[in-house]
Amino acid sequence: MKTPLTKEKLQNHFTYSLWKYVLLAVVAILGWNLVYSMTAYHAPEEKKVVMGVYSFGSEENINAYMEKIRVELMPDMEEMYATYIAPDATYGDMILSTRIAARECDIYVLPRTQFQSYSAQGAFMALEEVLPDLIADLEAAGVSLNRGYRALEETGEKHQYGIPCADLPGILPMLNSDTSDMYISIFTVTGNDENVIKFFDQFIRDMMLEPTMVEVPAP
């Protein structure tokens, strides 16, 4: 004979088994997110440009700017956007290292310490080789490039691995972040060198302008 189901029994069941339902819901959500991320379309490397900013900030202005560049100057690209990597005191550097190892970004904006460390390891392109005209124009404009000139640990060979953001008046409001001691560089392995270099050249030239002269579409 079945025991009748009462309100009291239901209450007891949910009181002592609530954690099971919460766990089941969490597992279901994580499972759905995993399936979605595995099946959702992702633009191939040669069709996207990603900027990684190791700082706290807002992506609104920079993503609007990158989309404007994509539409007007680089329509062959499917995705162009920036992502912020939180500089958490405990896990920030580990997360940054993981993203760099996974080749998640093509361009990096890093604080001086991280910039110097990764430059010494050969993580960035030599800008005087891939963008000689840009470097010449920056020097002519009085930009202090020496701070972005670093030596490789293995060979001691020196190259221009980064542009100091402090000398780019348009970049602080564009990134909505404190860039006074940060450097912008191109990652050595992008899978899309031609377009990444093209965007980098345009971005630096625009950031040399005063903020009011840089056009950013309204959100």
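Helices here are DSSP runs of H or I with at least four residues, numbered from the N terminus. That is the sense in which α2 is meant below, and since glutamate 72 and lysine 68 sit four residues apart in helix α2, about one helical turn separates them. Keep in mind throughout that this is a predicted model.

**Stop 1: the whole chain**

Start with everything shown as a cartoon. The protein chain has eight helices and seven strands. Colour by burial next: of its 219 residues, 37% count as buried. Switch on a surface, and the accessible area is about 12800 Å², with 56% of it belonging to carbon and sulfur atoms. For a contact map, look far from the diagonal: among contacts with a separation of 6 or more, 71% join residues 24 or more positions apart.

**Stop 2: helix α2**

Now select residues 60-72, which make up helix α2. Show side chains for arginine 70 and glutamate 67, whose salt bridge has an N to O distance of 2.8 Å. These two are three residues apart, about one turn of the helix. Is arginine 70 buried or exposed? Arginine 70 has a relative accessible area of 17%, under the 20% cut-off, so it is buried. Its partner glutamate 67 is partly exposed, at 33%.

Stay in the helix and add glutamate 72 and lysine 68. They form a salt bridge too, with their closest N and O atoms 3.2 Å apart. Glutamate 72 has a relative accessibility of 52% and counts as exposed.

**Stop 3: other salt bridges**

The structure holds eight salt bridges. One of them links glutamate 104 to arginine 99, with 3.5 Å between the closest N and O atoms. Both ends are partly exposed: glutamate 104 at 39% and arginine 99 at 23%. Then select Asp137, Asp201 and Arg205, which salt bridges with shared partners join into one network.

**Stop 4: the nonpolar cores**

Hide the charged side chains and go inside. The largest nonpolar core has 38 residues, and Met51, Ile62, Ile184, Phe199, Phe200 and Phe203 have the most contacts within it. Elements supplying at least two residues each include β1 (48-53), α2, β2 (79-84), β3 (107-111) and β7 (182-186). Which helix gives the most to this core? Select α8, at 193-207: α8 contributes seven residues.

A second, separate core has 16 residues, among them Tyr54, Ala123, Phe124 and Tyr161.

Centre the view on isoleucine 184. Leaving aside neighbours within four places in sequence, isoleucine 184 touches Met51, Phe200, Phe203 and Ile204, among others. Its contacts also include Ile107, Tyr108 and Val109, as well as Tyr161, Gly162, Ile163 and Cys165.

**Stop 5: strand β3 and its partners**

Finish with β3, residues 107-111. Four of its five residues are buried, so β3 is largely enclosed by the rest of the structure. Show the backbone and look to each partner in turn. With β1, the pairing is parallel, over three bridges. Valine 53 stands opposite valine 109 of β3. With β7, the pairing is antiparallel, over five bridges. Which residue of β7 is the bridge partner of proline 111? Select methionine 182 to see that partner.

With side chains switched on, one general pattern is worth having in mind: in a regular strand, side chains alternate between the two faces of the sheet.

Key
Residues numbered from 1 in each chain as written. Predicted model: local features only at pLDDT ≥ 70, side-chain atom pairs only at ≥ 80, totals over all residues. Heavy atoms only, no water. Salt bridge = Lys/Arg side-chain N within 4 Å of Asp/Glu carboxyl O. Buried < 20%, exposed > 50% of the residue type's maximum accessible area, 1.4 Å probe, protein only. Core = buried A, V, L, I, M, F, W, Y, C linked by side-chain atoms within 4.5 Å. Contact = heavy atoms within 4.5 Å. Areas by Shrake-Rupley, 256 points an atom, 1.4 Å probe, with all protein chains shown as cover. Pairing = 2+ DSSP bridges.
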